[in-house]
Amino acid sequence: MEECLFCKIIAGEIPATKVYEDADVLAFLDISQVTKGHTLLVPKTHSRNLLALSASESAALWAKVPALANQLIKNLSADGLNILQNNETAAGQSVFHTHIHLIPRYAGDGNVFEKLDADTNLAKIAAQITGGAE
Ligand code: 5GP
Ligand code: ZN
């Protein structure tokens, strides 16, 4: 998938701030941070969106969500977390490679879905999530 942005990120052709990676999935910070730690989880194998996945492909992807969500909450001292998953343009999908948004929530942070954007230092946030160096 030469023209797919997330395939290019997976291949290392475009930089991204990674927070988790294994043989099957990659998680990296969304370039537009809705809240601090807003993360995208993507399967390494290209697919257009969730509608194109088999049950087992979907299960393998969603199986990664609880640990990553808990890591985000714990290391960012978040109070909760929203999961958002858009399929097709009508539903807000803008990058056509399957992805799950994990959006940490902080008590009193307001309606973040209307107020898109917290300008932040992605490397610093990733280091906080992973416990690594900035
Ligand atoms: P969608 O709207 O398709 O559900 O979500 C796509 C997300 O990808 C958006 O939230 C957008 O901010 C994010 N995004 C778009 N281009 C890039 C990029 O080059 N790098 C990163 N890290 N995120 C991106
Ligand atoms: Zn792709």
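Select strand 2 and show its side chains: Val25, Ala27 and Leu29 on one side are buried, and so are Leu26 and Phe28 on the other, leaving both faces covered. The model on screen is predicted. Strand 2 covers residues 25-29, and since five of its five residues are buried, the strand is largely enclosed by the rest of the structure. Residues are called buried here when their relative accessible area is under 20%.

**The whole chain**

Now zoom out and colour by secondary structure. Four helices and five strands make up the elements of the protein chain. Read from the N terminus, their order is α-β-β-β-α-α-β-β-α. The C-alpha trace spans about 35 × 35 × 25 Å along its principal axes. A compact globule of 134 residues would have a radius of gyration near 14 Å, and the protein chain agrees with that because its own value is 14 Å.

Switch to a surface view. The accessible surface comes to about 7100 Å², and carbon and sulfur atoms hold 54% of it. Of the 134 residues, 43% are buried. Contacts between residues 24 or more positions apart account for 59% of the contacts with a separation of 6 or more.

To look at charge, select the 10 positive and 15 negative charges of the chain; the mean positions of the two sets are 5 Å apart.

**Strand 1 beside strand 2**

Go back to strand 2 and add strand 1, residues 18-21. These two strands pair in the antiparallel sense over three bridges. The connection between them is a hairpin with three residues in between. Which residues face each other across this pair? Lys18 has Phe28 of strand 2 as its bridge partner. Glu21 is bridged to Leu26, also in strand 2.

**Strand 3 beside strand 2**

Next select strand 3, residues 39-43. It runs antiparallel to strand 2, and five bridges join the two. Leu26, already met as the partner of Glu21, has Val42 as its bridge partner in strand 3. Likewise Phe28, the partner of Lys18 in the other pairing, stands opposite Leu40 of strand 3.

How many residues of strand 3 are buried? Five of its five residues are, and the strand is mostly covered. Show the side chains to see the two directions: Thr39, Leu41 and Pro43 point one way, Leu40 and Val42 point the other way, and all are buried.

**On to strand 5**

Keep strand 3 and add strand 5, residues 100-105. The two pair in the antiparallel sense, with three bridges between them. One place to centre the view is Thr39, whose bridge partner in strand 5 is Leu102.

**Two loop residues with positive phi**

Select Ser77 next. Where does it sit? Ser77 is in the loop between helix 3 (65-76) and strand 4. Although Ser77 is not a glycine, its phi is positive, at about 50 degrees. Ser77 counts as exposed because its relative accessibility is 56%, and exposed means over 50%.

Then move to Glu88, in the loop between strand 4 (80-84) and strand 5. Here too phi is positive in a residue other than glycine, with a value near 80 degrees. Is Glu88 buried, exposed or partly exposed? Its relative accessibility is 26%, so Glu88 counts as partly exposed.

Finish by showing what surrounds Glu88. Neighbours within four places in sequence aside, Glu88 is in contact with Arg48, Asn49, Leu51, Gln93 and Phe96. Pick out Asn49 from that group: Glu88 and Asn49 are 39 residues apart along the chain, while their C-alpha atoms are separated by 7.6 Å.

Conventions:
Residues are numbered from 1 along each chain as its sequence is written. Chains are lettered from A and ligands numbered from 1 in the order in which they are written. This is a predicted model: local features need pLDDT of at least 70, side-chain atom pairs count only at pLDDT 80 or more; totals for chains, interfaces and linings use all residues. Side-chain values use heavy atoms; hydrogens and water are left out. The radius of gyration is taken over C-alpha atoms; the globule rule is 2.2 Å times the number of residues to the power 0.38. Buried means under 20% relative accessible area, exposed over 50%, partly exposed in between (1.4 Å probe, protein chains only). Contact means heavy atoms within 4.5 Å. Accessible areas come from the Shrake-Rupley method with a 1.4 Å probe; for residues, only the protein chains shown count as cover. Lys and Arg count as positive and Asp and Glu as negative; His and the chain ends are not counted. The place of a charge is taken as NZ of Lys, CZ of Arg, CG of Asp or CD of Glu. Two strands pair if DSSP finds at least two bridges between them.
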